[in-house]
Amino acid sequence: MLNFELIIIDVEVGKGATRQDRAYRFTGTKAAQFKEAYINAFNQMEKQLNEQKRLPADTVALEAESYSLQGKCNSSITSLPP
């Protein structure tokens, strides 16, 4: 059994035309494990990037809540008897 095999991929290049690309892919149990680990790592990275995209909106909401709480604290402090 070979560690890799030739594959031919038909690639659409526009206007109905195609070309054939040749590539090699690894085969076997270790290759499958590597491929699965690589895909899992990519998915984890994508998830982290998507979470970072939401961070600014969450930060704005927390900032607004912080100002609201500061206002409540300030009004509570000024309403205390001397």
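Of the 82 residues in this chain, 1% count as buried. A residue is called buried when its relative accessible area is under 20%. Keep in mind as you look around that this is a predicted model.

Let us start with the overall plan. The chain holds one helix and two strands, and from the N terminus on they follow the order β-β-α. Contacts tell us something about how the chain meets itself: among those between residues at least 6 apart in sequence, 11% join residues at least 24 apart.

Now find the two strands. Strand 1 covers residues 4-14, and it pairs with strand 2 in the antiparallel sense over ten bridges. You can pick out individual partners along the way. Asp 10 has Gln 20 of strand 2 as its bridge partner, and Gly 14 is matched in strand 2 with Ala 17. In a regular strand, side chains alternate between the two faces of the sheet.

Follow the chain from one strand to the other and you come to the turn of the hairpin, where two residues sit between the strands. One residue to look for here is Lys 15, which lies in the loop between strand 1 and strand 2. What is the sign of the phi angle of Lys 15, a residue that is not a glycine? Its phi is positive, at about 55°. Most residues other than glycine have a negative phi, which is a good reason to pause at this spot. Lys 15 is also exposed, because its relative accessible area of 90% is over the 50% cut-off.

Next, turn to the aromatic rings. The structure contains two aromatic pairs. In one of them, the ring centres of Phe 4 and Tyr 24 are 5.4 Å apart and the ring planes stand at 85°, so this pair is edge-to-face; planes over 60 degrees apart earn that name. Since Phe 4 belongs to strand 1 and Tyr 24 to strand 2, the pair ties together parts that are 20 residues apart in sequence. How open to the surroundings are these two partners? Phe 4 is partly exposed, with a relative accessible area of 41%, whereas Tyr 24 counts as exposed at 59%.

Phe 4 also leads us to the next stretch of the chain. Thr 27 is found in the loop between strand 2 and helix 1. Although Thr 27 and Phe 4 are 23 residues apart in sequence, their C-alpha atoms are 5.1 Å apart in space. Thr 27 counts as partly exposed, at 22% relative accessibility. A little further on is Thr 29, which has its place in helix 1 and is exposed, with a relative accessible area of 59%. The C-alpha atom of Thr 29 is separated by 9.9 Å from that of Asn 3, a residue 26 positions away along the chain.

Our last stop is the largest pocket. Rolling a probe the size of a water molecule over the atoms shows where empty space is left. About 310 Å³ of space lies in the largest pocket. Its lining includes Asn 3 and Thr 27, which you have already met, together with others such as Arg 25, Phe 26, Lys 30, Phe 34 and Tyr 38. Which elements give two or more residues to this lining? They are strand 2, residues 17-26, and helix 1, residues 29-78. Helix 1 supplies the largest share, with seven residues. By chemical character, the lining divides into six nonpolar, three polar and three charged residues.

Notes: Residues are numbered from 1 along each chain as its sequence is written. This is a predicted model: local features need pLDDT of at least 70, side-chain atom pairs count only at pLDDT 80 or more; totals for chains, interfaces and linings use all residues. Side-chain values use heavy atoms; hydrogens and water are left out. On a 1 Å grid over the protein atoms alone, a cavity is a set of points where a 1.4 Å probe fits but cannot get out, and a pocket is an open set with protein on both sides within 12 Å along at least five of seven lines; lining residues have an atom within 4 Å of a point. Grid points are joined across faces, edges and corners, and a volume is the space filled by probe spheres set on the points. Helices (H or I, at least four residues) and strands (E, at least two) are DSSP runs, numbered from the N terminus. Ala, Val, Leu, Ile, Met, Phe, Trp, Tyr, Cys and Pro count as nonpolar, Asp, Glu, Lys and Arg as charged, and the others, Gly among them, as polar. Two strands pair if DSSP finds at least two bridges between them. Rings of Phe, Tyr and Trp (its six-membered ring) pair if their centres lie within 6.5 Å; planes under 30 degrees apart count as stacked, over 60 as edge-to-face and the rest as tilted. Buried means under 20% relative accessible area, exposed over 50%, partly exposed in between (1.4 Å probe, protein chains only). Contact means heavy atoms within 4.5 Å.
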